[in-house]
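Visitor: I am new to this one. Could you show it to me and explain the words you use along the way?

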Amino acid sequence: FQAEDGIRDFCLSRGLGDVYKRQVHGEYQIIMSEQKDQPIKLTEDGKVTKYILQEGTGEQPPQGYQVQVTYIGTLVDGTEFDRNVNTDTPFEFVLGKNQVIKGWEVGIASMKKGERALLVIDPEYGYGSRDSGKIPANSTLKFEVELLDFNEKKKEKWELEPQEKYEEAQKLKQEGNNAFKVGDYKNCLLYTSDAADDLLCVDLGGRRIIKKKNI
């Protein structure tokens, strides 16, 4: 009981009471080792900090990559305001595109694949002085996050350079030819139609490529 009391006091002294309660009920392992019991400052002002709950492996996701995460969001008093766990659809966003709060941009970029961490985010890096759903103004936020995976985001059509559009069209054209050869006429039509849509009226090595319709 003394060991358990020590872990409880440690967690509570650092505002991690909710983590302690989940741990003693067996949802997570007790992870308070000497290497994991100190917050990692992710910003110079110390307003975004991270506690590693489970080590990840490999590299951290680069800017512009699409990341997949699960999370539980709570206020400092333990009130849960959002979650996305135990689902077949993890939350996805692209790093560096301002699709999430600044604290998430900083926090997720610091993680490795498979890492589970507690992010503690001051209002300045969260929702600031405005209310947001169940989150009151000027709230410090805690997110228990797991980085499931990340990968390079495929460019949208409007992001492609002319040469890239041409190369994509050739790939689709080949897919259409392959589908035609095996009698898959439905996908043949889809592939060839998409290939035609990708063609631009540009000069490539002296050869003109006529676009079928506007993109």
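**A guided look**

Guide: Of the 215 residues of the protein chain, 39% count as buried. This is a predicted model, where local features need pLDDT of at least 70, side-chain atom pairs count only at pLDDT 80 or more, and totals for chains, interfaces and linings use all residues. Residues are numbered from 1 along each chain as its sequence is written, and side-chain values use heavy atoms, leaving out hydrogens and water.

Visitor: What makes a residue buried?

Guide: A relative accessible area under 20%, with a 1.4 Å probe and protein chains only. E105 is one that is buried.

Visitor: Where does E105 lie?

Guide: In helix α3, residues 102-109. A helix is a DSSP run of H or I with at least four residues, a strand a run of E with at least two. The protein chain has 5 helices and 9 strands.

Visitor: Why is there no salt bridge for E105?

Guide: A salt bridge needs a side-chain nitrogen of Lys or Arg within 4 Å of a carboxyl oxygen of Asp or Glu. The nearest side chain of opposite charge, K97, is 9.6 Å away, so E105 has none.

Visitor: What makes the link from the side chain of E105 to the backbone nitrogen of G96 a polar contact?

Guide: The two are 2.8 Å apart, and a polar contact is a pair of N or O atoms within 3.5 Å, one able to donate a hydrogen and the other to accept it within protein; residues adjacent in sequence count only if both atoms are side-chain atoms. The backbone nitrogen of N98 also lies 3.2 Å from a polar atom of the E105 side chain.

Notes: Buried means under 20% relative accessible area, exposed over 50%, partly exposed in between (1.4 Å probe, protein chains only). Lys and Arg count as positive and Asp and Glu as negative; His and the chain ends are not counted.
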